[in-house]
Amino acid sequence: MNPYLIIACLAGILAAGAGGFKLGADHEIAAQAREDKHVAAAVAAATDVSAKAIAGIKVTNTTIRQELEREIRTNTIYAECKHSPGGLSRLNEALAKPQPAGGRKLPGSDPAR
């Protein structure tokens with residue numbers, strides 16, 4: 001068998017593979033261009049519809065002339081908060097003179113290293 005014939009066959013196979021790759025790349029570029037065109041059309045349509053909807057909004061300014069209703073509570077009673085007389089006196093004593101729990105002091109800072 002002639003070695004030049006083998007080289008020619010391999011070169012033909014290589015050229016066919018390169019050509020197929022080039023066709024695939026061209027196909028992908030064309031598909032991307034089509035997709036970009038569809039996206040641009042969809043964006044333009046959405047922009048047009050939203051612009052028409054915004055243009056159709058009618059703004060009206062009105063002045064409301066009514067008396068303001070207010071309810072001010074001066075004597076609020078908390079119905080859910082109930083203590084026994086002894087518990088209430090202990091609570092009032094604790095609020096009168098705030099101290100750390102158990103008469104403890106806060107720990108000192110760590111010495112500088």
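Modeller: A helix here is a DSSP run of H or I with at least four residues, and a strand is a run of E with at least two, both numbered from the N terminus. This is a predicted model, so local features need pLDDT of at least 70 and side-chain atom pairs pLDDT 80 or more, while totals for chains, interfaces and linings use all residues. Residues count from 1 along each chain as its sequence is written, and side-chain values use heavy atoms, leaving out hydrogens and water.

Colleague: OK, how many helices does the chain have?
Modeller: No strands turn up, as their count is zero. The helix count is two.

Colleague: How far does H1 reach from its first C-alpha to its last?
Modeller: H1 covers residues 3–55, which makes 53 residues. The expected span is 1.5 Å times one less than the number of residues. That comes to 78 Å for H1, and the model is close to it, at 78 Å.

Colleague: What percentage of the residues count as buried?
Modeller: Buried means under 20% relative accessible area, exposed over 50%, and partly exposed in between (1.4 Å probe, protein chains only). Of the 113 residues in the chain, the buried share is 1%.

Colleague: Which residue meets Lys22 in a salt bridge?
Modeller: A salt bridge puts a side-chain nitrogen of Lys or Arg within 4 Å of a carboxyl oxygen of Asp or Glu. The partner sits about one helical turn from Lys22, because the two are four residues apart in H1. It's partly exposed at 35%, and the N to O distance is 3.1 Å, so go with Asp26.

Colleague: And which residue pairs with Asp48?
Modeller: Asp48 is partly exposed, at 39%. Its partner also lies in H1, four residues apart, and counts as exposed at 57%. With 3.6 Å from N to O, that's Lys52.
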